[in-house]
Amino acid sequence: MLTMIRNMLRSKLAGLLFLLIIVAMGAWGVTDVFAGGIGGNLAVAGDTELTESQLDQEVERQLRTAEDDRGRAISKAQAAERGIIDQIFQRELLQTTLVAYADKLGARASTASVLEAIRNDEAFESDTGSFDPVLYRGLLNQSGFTPASFETFLRRDLSINRLRRSVAAALRTPDAMSRLQAAFDGEERKAQWFFISNEDLPEPDPVTDEELTTYYNEQKAALENPQRRRVSLLHLTVDDFVNQSEFTHEELRAYYESVKSREYSAPDTRTWTEFVFETEEAARAQLGRIAGGAAPSTIQGLVSSSERSGLQTSLSNQSLAERLFGQAASPGSIFGPFESGRFYTVARLESITPGASEPFEAVREEIVDVLSREQAIGLYYDSISRLDNLIGTGASLEEIGLEMGTPVLSFAPVDRSATTQTGRQLTVLQQDPAILQRAFELTADSKTSRFGEDENAYILRVDEVIEPFTPDLEDIREDLRAGLEMQRRSTALSEAADAIKRQVESGEMSFAEGAAEYGVELTSPDVFFTRQPSPESGIPPALASGVFSLREEGNVFTAPLRTGDAVALVQLVGIDRSALTTDGTATPDTPELQESIGNDLFNAFVTDIQSDVELKVNEGALASYKARVNPDT
């Protein structure tokens, strides 16, 4: 069969067949394969491509440090579900567009500039301050880069930074904007205020039975109880095994000795000699003699030398401090040269004096806790196999709990937010989102298989499903009456405050008369304050922003208090805008204002770039990628 196919492919008939296929594909619009279009790339802008491999590498790098709200690592599948991959893809599209535009302008970073940036990065320097290729590759590997991918990444960033710097070059904030910013920050206002509460108002008319019935009928939809479920939960965690560990004195002591220098000792004191030279070349020429232990008097080109001793914090040169006090540093090691002002310093480590250690007895309990936790993790994973075997036998939740020595917890019926009918939230059911999700997927009297993450195992059973219902009026009559009375008090309070505001601003009464009408105290300090008032101003911070929302002196605003039983009325008394420069004197720029204008200008520039550069996006390839990383979708 294979022989026949091979022979056919060599025939003229095969050539004719392929020609017909190509013509058919052209007729149906399938031309990308031969026309050099976007192909299998995710996106193309000019000659710049965004491949699936590049996106995947960026997703992996982003997820290395990404955590959910419980501090857990996020998988690619979870990233796809939560839209994180879409966000990363949109950022990569923008980067692709900007790099394509830089190419178009001839502003793309050169290979020389990329290599220069790498070789000048202190993170890749050895103890002598020179580029260390082994260290370079090791750090890239930790961050998920290969040298080639990192250089591509760096070239892209350097190119985009060139565009950004070109926009911000010679940017100067207009004096008008600087003056407005100064006026905004420095503007001061003066206010007076008072509070009225429910106690200052007449008691509202009692709620009649007819009104209560009408209110009940109007609020039936809001009064409906959602579906609730009564569940039982078995929760197995590492903490269940912590108290099962026992250690001998010798084991505890051995652990203490192995980590004492790292965990239970004060910082080292180190002694080193500093050799100062005028030039880097002179310093490097003497590295061999310094490493050999030569005395300062025999070192050529030396400006000065000194022996120093101290902690890492005693050094102002952070690069030297990190090298000199690194774990790999040992007596005789040399470091530098490091630039310090107009000189260059080489340091030779002479001796290390370990810091004082905490005595064993002082940290014994802490060591017990650490070792107990480590052993408990092992016991936990051993128990998981036993747990799965019990589930496989069809044992009930109570039988499993009895065998595992773990109690089965039963809860009052809850809705999807873990709230009971009385309004109490059961936080135990919120510790893992999967608990409530699975609780509302099961039918009554059924249980889940084992689920959970981060050394937590759960088994859930739905004991009862309570369908949605609206309580009878008689069952909630008094609660409903109290709620309606409270609503009426709140409405009366709001109407009283609005009436005072309206009469004061219309001139029918003064602000002081409004306070006197309800017999409450008027607070009117003769103090101006800014948007961030000091305690001396006397005004509650929650009311200060409202004062600055008013346009004219005499205006009033009302603000109900969080307690719901009182409302504040505040009047703007005075405005001082003397901070606004009116004589044309230049106001110094603030870095925040300069950065804000630069960002706005660059965003406008990006909009023009996007209209100038044609970006082709392959949505199908993106969907295919997300489907592979999250097969459940």
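This is a guided tour of a predicted model, moving from one long-range feature to the next with a suggestion of what to select at each stop.

The model is predicted, and for that reason local features are described only where pLDDT is at least 70 and side-chain atom pairs only at pLDDT 80 or more, while totals for chains, interfaces and linings use all residues. Residues are numbered from 1 along each chain as its sequence is written, and side-chain values use heavy atoms, with hydrogens and water left out.

**Stop 1: helix H20**

Select residues 473-506, which make up helix H20; helices (H or I, at least four residues) and strands (E, at least two) are DSSP runs, numbered from the N terminus. Helix H20 bends by about 40° at Asp479, where the bend is the angle between axes fitted to the seven residues ending at a residue and the seven starting there. Now colour the buried residues of H20, among them Leu473, Ile476, Leu480, Leu484, Leu493, Ile500 and Val504; buried means under 20% relative accessible area, exposed over 50%, and partly exposed in between, with a 1.4 Å probe and protein chains only. The partners against which these buried residues pack include strand S3 (188-197), helix H11 (209-218), helix H21 (511-517) and strand S13 (566-576), contact being heavy atoms within 4.5 Å.

Within H20, pick out Gln487, which is partly exposed with a relative accessible area of 41%. Measuring from C-alpha to C-alpha, you should find Gln487 and Gly564 9.9 Å apart in space, although 77 residues separate them in sequence. At the end of the helix, select Gly507, which follows H20 and has a positive phi, near 90°.

Before leaving H20, show the side chains of Asp209, Glu474, Arg477, Glu478 and Arg481, which are linked in a network of salt bridges; a salt bridge is a side-chain nitrogen of Lys or Arg within 4 Å of a carboxyl oxygen of Asp or Glu. Of this network, Arg477 and Arg481 are also listed among the buried residues of H20.

**Stop 2: further salt bridges**

By the same rule the count comes to 34 salt bridges. Select Arg577 and Glu187, whose closest N and O atoms are 3.7 Å apart. Arg577 lies in the loop between S13 and helix H23 (591-612) and Glu187 in the loop between helix H10 (175-186) and S3, so this pair ties together parts that are 390 residues apart in sequence. Arg577 is partly exposed, at 45% relative accessible area, whereas Glu187 is buried, at 7%.

Go next to Asp415 and Arg228, whose side chains meet in a salt bridge of 4.0 Å, N to O. Asp415 sits in the loop between strand S9 (408-410) and helix H19 (433-439), and Arg228 in strand S4 (residues 228-237), so the pair ties together parts that are 187 residues apart in sequence. Asp415 counts as buried at 12% relative accessibility, and Arg228 is buried at 8%.

A local example is Lys260 with Glu257, where the closest N and O atoms are 3.4 Å apart. These two residues are three apart in helix H13 (residues 249-263), and are therefore separated by about one helical turn. Lys260 is partly exposed at 24%, and Glu257 is partly exposed at 40%.

**Stop 3: a three-stranded sheet**

Select the open sheet with the order S2-S1-S14, in which the pairing is antiparallel; two strands pair if DSSP finds at least two bridges between them. Its edge strands, each pairing on one side only, are S2 (48-50) and S14 (615-617). Three bridges join strand S1 (residues 43-45) to S14, and Ala43 stands opposite Val617 in S14.

**Stop 4: aromatic pairs**

The structure holds 11 aromatic pairs, counted where ring centres of Phe, Tyr and Trp (its six-membered ring) lie within 6.5 Å, with planes under 30 degrees apart called stacked, over 60 edge-to-face and the rest tilted. Select Phe124 and Tyr136, whose centres are 4.9 Å apart and whose planes stand at 85°, so the pair is edge-to-face. Both residues are buried, and together with Phe150 Phe124 and Tyr136 form one aromatic cluster.

Finish at Tyr256 and Tyr264, with centres 6.1 Å apart and planes at 20°, so that this pair is stacked. Both Tyr256 and Tyr264 are buried.
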